[in-house]
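Here are my notes on this model, set out as numbered points. Please read them with the structure open.

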Protein chains: 2
Amino acid sequence: MAARRSAGKPQLDDGADELVIPGDDLRLMVRVAFGEHGALGPGKIRLLELIERHGSITAAAKAMGISYRRAWLLVEGMKQAFRDPVVATQHGGAQGGGSGLTPIGREIVQRYRAIERTARAAVGGQLRGLKRALRNSR
Amino acid sequence: MAARRSAGKPQLDDGADELVIPGDDLRLMVRVAFGEHGALGPGKIRLLELIERHGSITAAAKAMGISYRRAWLLVEGMKQAFRDPVVATQHGGAQGGGSGLTPIGREIVQRYRAIERTARAAVGGQLRGLKRALRNSR
């Protein structure tokens, strides 16, 4: 049996637009697949946002808890998929140069987040239905 | 800095609608995340559909090109996540018994596919915008 959820459960994320279902973490994640060329999902988008925020791939990797190498491979994979760099490194070696998003990198992040918002808003009721079905089945 | 793009840069894909994205295979994939309990995405849903169609986990695994063990682990993972079996095996051992979906298994598949349809319909225009942005960046 599922643990019963009390109505008085504290809502840490109250008001955040992230949780489709406040109080429960049933969440829609979206991924945009590019045919044979891979896909763009929450991990890569988060990485790009962190690169922009921290100004370096190294710092972004650390903030995500992944290795520099893994972050770099993700960035390189996006470059290949889009045939355009999404990250620009100003100077310095791979480990240290200041990095940020290219204009297309920024646009990809913005468009992905907009797609995610739209999809989440559209399916909110259906997610609640799925949640009820799961709860009732127990 | 990103490499500068000259206006006269040869465009191998000039005029083609299919740069990165041959034809129109920019596709939204959805995943429903259950907090700490895992997620439900296209792979698991496809597996459930194939179990229902073929009447066995073994045949479904083969149709998906995954091992029986992997399929079984996916099914077990769902059982844990939903605290309810999604697949019922009628008789016979793990390798051979006839299997099908439980009522909740079927409902999960139907609800997931409905969520997917809704999300895709909602973001169609935005996906086209992303595709144009990727094309124009070259």
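1. Start at one pair of residues. In β1(B), Phe34(B) is the bridge partner of Leu26(A). Keep in mind that this is a predicted model. The points below work outward from that pair.

2. The pair belongs to a longer match between chains. β1 of chain A, residues 26-34, runs antiparallel to β1(B). The two strands are joined over nine bridges. Further along, Arg27(A) sits opposite Ala33(B). Met29(A) faces Arg31(B) in β1(B). Strands of a sheet pair through backbone hydrogen bonds, in either the parallel or the antiparallel sense.

3. Which strands make up the open sheet, and in what order? There are four, running β2(A)-β1(A)-β1(B)-β2(B), with antiparallel pairing. The edges are β2 (39-40) of chain A and β2 (39-40) of chain B. Each of these edge strands pairs on one side only. The sheet thus takes strands from both chains.

4. Within chain B, β1(B) also pairs with β2(B), antiparallel and over two bridges. Ala33(B) has Ala39(B) as its bridge partner in β2(B). Ala33(B) is also the residue opposite Arg27(A). The hairpin of β1(B) and β2(B) leaves four residues between the strands. In that hairpin, Gly35(B) adopts a positive phi near 50°.

5. Is β1(B) largely enclosed or open? Seven of its nine residues are buried, so β1(B) is largely enclosed by the rest of the structure. For this count, buried means under 20% relative accessible area.

6. Now the interface as a whole. Chain A contributes 42 residues to the contact, and chain B contributes 42 residues. The two chains bury about 3,600 Å² between them. Carbon and sulfur atoms account for 63% of that area.

7. What polar links cross the interface of chain B and chain A? The rule finds 10 residue pairs in polar contact, both residues at pLDDT 80 or more. It finds zero salt bridges across the interface.

8. Look next at the side of chain B that touches chain A. β1 (26-34), α3 (68-82) and α4 (103-136) of chain B each supply at least two residues to it. α4(B) gives the most, with 16 residues. By type, the residues of this side are 26 nonpolar, five polar and 11 charged. Charged residues are therefore present on this side of chain B, although salt bridges across the interface number zero.

9. Take Ile115(A) as a test residue. Ile115(A) lies in helix α4 (residues 103-136) of chain A. Its relative accessibility is 0%, so Ile115(A) counts as buried. Across the interface, Ile115(A) touches Leu28(B), Val123(B), Gln126(B), Leu127(B) and Leu130(B). Within chain A, its C-alpha atom is 9.3 Å from that of Val32(A). Those two residues are 83 apart along the chain.

10. Last, chain A by itself. Its secondary structure comes to four helices and four strands. Along the sequence the pattern reads β-β-α-α-α-β-β-α. Of the 138 residues in chain A, 42% are buried. Among contacts with a separation of 6 or more, 49% join residues 24 or more positions apart.

How values were computed
Residues numbered from 1 in each chain as written. Chains lettered and ligands numbered in written order. Predicted model: local features only at pLDDT ≥ 70, side-chain atom pairs only at ≥ 80, totals over all residues. Heavy atoms only, no water. Contact = heavy atoms within 4.5 Å. Buried area = accessible area lost by both parts, 1.4 Å probe. Salt bridge = Lys/Arg side-chain N within 4 Å of Asp/Glu carboxyl O. Polar contact = N/O pair within 3.5 Å; in protein donor to acceptor, adjacent residues only side chain to side chain. Nonpolar A, V, L, I, M, F, W, Y, C, P; charged D, E, K, R; others polar. Pairing = 2+ DSSP bridges. Buried < 20%, exposed > 50% of the residue type's maximum accessible area, 1.4 Å probe, protein only. Lists of a residue's contacts leave out its neighbours within four places in sequence.
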